[in-house]
Amino acid sequence: MKKLLLAGLATGLFFGLATSASAAVITLDFEGVGNGNPIGNFYNGGAGTNYGVSFSDDALAIVDSDVIGGTGGNFGGEPSPSTVMFFLSGSEARMTVAAGFDTGFSFWYSAINNPGSVSVYDINNVLLTSLDLPTTPSDGGDPTGAFSPFYQLGVGFAGTASYVSFAGVENQIAFDNVTFGAVIPGGNEVPEPATMLLFGTGLAGLAAVGRRKVLK
């Protein structure tokens with residue numbers, strides 16, 4: 001039986017809720033958003049640091065079930081315990097950076113059943129770069145959690161990015177330590193050797209760098 005990132009998936013969980021590039025390297029670890037809550041404007045004048053970063057309504061936070069306050073978070077080995085981003089509806093979650101960003105984009109992710117992708121666009125909907133995300137192995141968590149460990153990826157690009165699409169199968173992919181302005185994600189000073197190896201080899205050449213197109 002296919003494992004779910006959020007155990008006991010139920011419908012009706014959702015809540016309703018750009019131009020010079022930023023020079024700062026910023027990492028979002030989603031801590032403090034709250035279990036099952038939409039990320040929304042948490043980093044855009046909400047309870048978190050105001051980076052001018054907003055997320056689409058379907059982008060949710062989930063807390064590791066191994067810690068107090070976690071409810072059904074079926075993951076482990078996250079780079080910055082104990083909250084990650086995922087989505088339960090549609091095929092993507094979107095992050096918009098009002099000031100724009102350049103140089104690079106990076107993150108950690110886990111996807112044990114289905115692959116995903118990440119695409120970076122400029123303000124005119126031109127694709128600056130994208131990464132295909134293959135499925136990842138599972139080590140059983142810390143101590144439990146099938147979506148474990150997380151693996152890091154990053155990519156450089158030319159131009160000024162405005163928003164990022166995190167795509168995949170709902171309830172089947174998780175992201176953490178999303179970093180813009182750098183090709184190596186922040187929040188974990190010494191990545192585990194396995195994750196560093198996968199990052200260094202580009203997961204067997206998965207990165208499709210420099211492809212450009214305009215959204216229809």
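1. A word on terms before the tour: rings of Phe, Tyr and Trp (its six-membered ring) count as a pair if their centres lie within 6.5 Å. With that in hand, you can look at this predicted model and find 14 aromatic pairs in the structure. One of them is made by Phe 105 and Phe 107, whose ring centres are 5.8 Å apart with 40° between the planes, a tilted arrangement. The label tilted applies because planes under 30 degrees apart would count as stacked and planes over 60 as edge-to-face. Phe 105 and Phe 107 are both buried.

2. Stay with these two rings for a moment, since they belong to a wider group. Phe 105 and Phe 107 share one aromatic cluster with Phe 101, Tyr 109, Phe 157, Phe 166, Phe 175 and Phe 180. It is a good set of side chains to display together when you open the model.

3. Next, please look at Asp 102, in the loop that links strand E5 (92-101) to strand E6 (104-110). Is Asp 102 buried or partly exposed? Its relative accessible area is 26%, so Asp 102 is partly exposed. The side chain of Asp 102 has a polar contact of 3.1 Å with the side chain of Thr 103. Asp 102 also has a distant partner in sequence: Ser 162 is 60 residues apart from it along the chain, and their C-alpha atoms are separated by 9.1 Å.

4. Now for some backbone geometry. Most peptide bonds are trans, and most residues other than glycine have a negative phi. Against that background, Pro 81 and Ser 82 are joined by a cis peptide bond, with omega about 10°. Ser 82 sits in the loop between strand E3 (59-63) and strand E4 (83-87). With a relative accessibility of 14%, Ser 82 counts as buried because the cut-off for buried is under 20%. Which residues does Ser 82 touch, leaving aside neighbours within four places in sequence? They are Glu 31, Ile 62, Val 63, Asp 64, Val 67 and Phe 75.

5. A second cis peptide bond is worth a visit: Ser 148 and Pro 149 are joined this way, with omega about 0°. Pro 149 lies in the loop between E8 and E9.

6. That loop, between strand E8 (127-133) and strand E9 (151-156), also holds Thr 144. At 41% relative accessibility, Thr 144 is partly exposed. Beyond residues up to four places away in sequence, Thr 144 touches Asp 66, Phe 75 and Gly 76. With Asp 66 there is a polar contact between side chains, at 2.6 Å. Thr 144 and Gly 73 are 71 residues apart in sequence, while 9.8 Å separates their C-alpha atoms in space. Phe 75 may ring a bell here, as it is also among the contacts of Ser 82.

7. Two residues with positive phi round off the note. Where is Phe 30 found? Phe 30 is in the loop between strand E1 (26-28) and strand E2 (53-55). Its phi is about 65°, a positive value although Phe 30 is not a glycine. Phe 30 has a relative accessible area of 0%, so it is buried.

8. Asn 177, by contrast with a loop position, has its place in strand E11 (residues 174-180). Phi of Asn 177 is near 45°, again positive in a residue other than glycine. Asn 177 counts as buried, at 0% relative accessibility.

Definitions and conventions. Residues numbered from 1 in each chain as written. Predicted model: local features only at pLDDT ≥ 70, side-chain atom pairs only at ≥ 80, totals over all residues. Heavy atoms only, no water. Helix = DSSP H or I, 4+ residues; strand = E, 2+ residues; numbered from the N terminus. Buried < 20%, exposed > 50% of the residue type's maximum accessible area, 1.4 Å probe, protein only. Contact = heavy atoms within 4.5 Å. Polar contact = N/O pair within 3.5 Å; in protein donor to acceptor, adjacent residues only side chain to side chain.
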